[in-house]
Amino acid sequence: MKIGKMLGVVLAGCMLLSTPVMAAEQQPDNVVVSDDVTITFEGTGKLQQMYENGDLDERIQDMMAEFEASDSKGSVARGPAAPVSYVGVIQVRSTQGDYENIPRNQYTTLVDHGGAEMYVVTQKNGEGRDYATYCNTQVKSIDSASLDFDNDRIVDGWLYLWDLSGMNESGQFTYKATSYNSPWNTMSTWINIK
């Protein structure tokens with residue numbers, strides 16, 4: 001009887017040791033997961049390329065710090081979407097001016113932009129409808145990236161890439177976002193592009 005029990009224990013141990021270890025969950029090419037943030041890219045791939053080049057690292061860290069300091073942290077998973085709590089222009093890119101990071105409270109580019117391609121990257125903390133204009137003409141977002149800062153599978157913020165190509169004249173870019181739910185607030189920001 002003791003031999004049977006011992007044989008059972010040995011067989012159980014062998015079965016545990018032979019169980020294959022599951023590999024980490026494979027993510028699609030447009031999803032980046034780190035200890036701090038999950039980013040899901042959608043669109044043309046230009047925004048993802050900027051991220052992979054390290055062009056957005058500093059601003060994503062700033063957004064994460066804003067999220068950590070906000071009241072949105074720890075919200076209930078099935079609750080309403082977080083209202084828009086911040087919007088900002090974080091970068092202007094162009095054929096002529098390369099890329100220029102835009103710090104808070106800078107309302108004019110320091111570099112002369114223009115050329116065949118020109119883009120603006122904006123950020124939004126919270127959820128809402130987005131609208132942008134350049135020289136009073138509505139422009140289109142061609143890329144977006146959702147950001148989940150605490151890896152709880154709830155989107156905490158967004159990056160958008162707006163296409164201003166072919167609009168090479170200097171002018172003002174304006175970005176607005178209106179919350180999907182209470183308090184239905186609208187936040188806006190702008191930058192004068194030289």
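Here is a short chat about helix α3 and the predicted protein model around it.

Analyst: Quick ground rules: this model is predicted, local features need pLDDT of at least 70, side-chain atom pairs count only at pLDDT 80 or more, and totals for chains, interfaces and linings use all residues. Residues are numbered from 1 along each chain as its sequence is written, and side-chain values use heavy atoms, leaving out hydrogens and water.

User: What makes up the protein in helices and strands?

Analyst: You've got 3 helices and 11 strands. Helices here are DSSP runs of H or I with at least four residues, strands are runs of E with at least two, and both are numbered from the N terminus.

User: How do you know that the span of helix α3 agrees with its 13 residues?

Analyst: The expected span is 1.5 Å times one less than the number of residues. For α3 (residues 57-69) that gives 18 Å, and the end C-alpha atoms sit 19 Å apart, so the two agree.

User: Which residues of α3 are called buried?

Analyst: Buried means under 20% relative accessible area and exposed over 50%, with partly exposed in between (1.4 Å probe, protein chains only). Arg 59, Ile 60, Met 63, Met 64 and Phe 67 come out buried. They cover an arc of only 145 degrees around the axis, so they lie on the same side of α3; that arc uses the directions from the helix axis to the C-beta atoms. Facing away from that buried side are exposed Glu 58 and Ala 69.

User: What do the buried residues of α3 pack against?

Analyst: Their partners include α2 (46-52), β3 (86-94) and β8 (140-148), where contact means heavy atoms within 4.5 Å.
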